[in-house]
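Here are my notes on the structure, set out as numbered points. Please read them alongside the coordinates.

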Amino acid sequence: MRRYRIRPSKEMRPMSIGMSIEDVPGDALNEQSGGSDIQRRLEALRRLFDQRLITQEEYEEKRKEILREL
């Protein structure tokens, strides 16, 4: 069986190290994945953190900001 290597598209490439949450496009925190807007934003934020695109401090700060909207 032949294995194929999938190359990430330009949109899938990780952001450079040192970027802050302010550098993340606004739509990255508003992806459509079902549930409420706040839930979608929290899930998108968690994905950014899990992919190490934002720091823990940035994650916690933005999470608190989103939760204040409840």
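1. Phe49 has a relative accessibility of 22% and therefore counts as partly exposed; the cut-off for buried is under 20%. Please keep in mind throughout that this is a predicted model.

2. Phe49 belongs to an aromatic pair, and a search of the whole structure finds one such pair. Its partner is Tyr59, and the two rings are stacked, with 4.9 Å from centre to centre and 25° between the planes. The pair links distant parts of the chain: Phe49 sits in helix H1 (residues 37-50) and Tyr59 in helix H2 (residues 56-67), ten residues apart.

3. Is Tyr59 buried or partly exposed? With 13% relative accessibility, Tyr59 is counted as buried, because the class takes in residues under 20%. The stacked pair thus joins a partly exposed Phe49 to a buried Tyr59.

4. Tyr59 has a further neighbour to record. Arg46 lies over the face of the Tyr59 ring, at 5.4 Å from the ring centre.

5. Arg46 also takes part in a salt bridge with Asp50, at 3.0 Å from N to O. Both residues are in helix H1, and because they are four residues apart, about one helical turn separates them. Arg46 is partly exposed at 37% relative accessibility, and Asp50 is partly exposed as well, at 48%.

6. How many salt bridges does the structure hold? The count is four, and the Arg46 to Asp50 bridge is one of them. Two others are taken up in the next points.

7. Glu69 and Arg41 meet through their side chains in a salt bridge of 2.7 Å, N to O. Glu69 is in the segment after H2 and Arg41 is in helix H1, so this bridge ties together parts that are 28 residues apart in sequence. On accessibility, Glu69 is partly exposed with a relative accessible area of 45%, whereas Arg41 counts as buried at 10%.

8. The bridge between Glu65 and Lys62 has an N to O distance of 3.0 Å. Both residues lie in helix H2, three residues apart, which is about one turn of the helix. Glu65 is partly exposed at 32% relative accessibility, while Lys62 is buried, with a relative accessible area of 15%.

9. Which residues make up the largest nonpolar core? There are seven: Ile38, Leu45, Leu48, Leu53, Ile54, Tyr59 and Ile66. H1 and H2 are the elements that give two or more residues to this core, and H1 gives the most, with three. Tyr59 therefore appears both in this core and in the stacked pair. Phe49 is not among the listed core residues; a nonpolar core is built from buried residues, and Phe49 counts as partly exposed.

10. Some totals for the chain. There are two helices and zero strands. Of the 70 residues, 24% are buried. The accessible surface comes to about 6100 Å², and carbon and sulfur atoms account for 48% of that area. Among contacts with a separation of 6 or more, 42% are between residues 24 or more positions apart.

Technical notes
Residues numbered from 1 in each chain as written. Predicted model: local features only at pLDDT ≥ 70, side-chain atom pairs only at ≥ 80, totals over all residues. Heavy atoms only, no water. Buried < 20%, exposed > 50% of the residue type's maximum accessible area, 1.4 Å probe, protein only. Contact = heavy atoms within 4.5 Å. Areas by Shrake-Rupley, 256 points an atom, 1.4 Å probe, with all protein chains shown as cover. Phe/Tyr/Trp six-rings, centres within 6.5 Å; stacked < 30°, edge-to-face > 60°. Lys NZ or Arg CZ within 6 Å of the ring centre and 35° of its normal. Core = buried A, V, L, I, M, F, W, Y, C linked by side-chain atoms within 4.5 Å.
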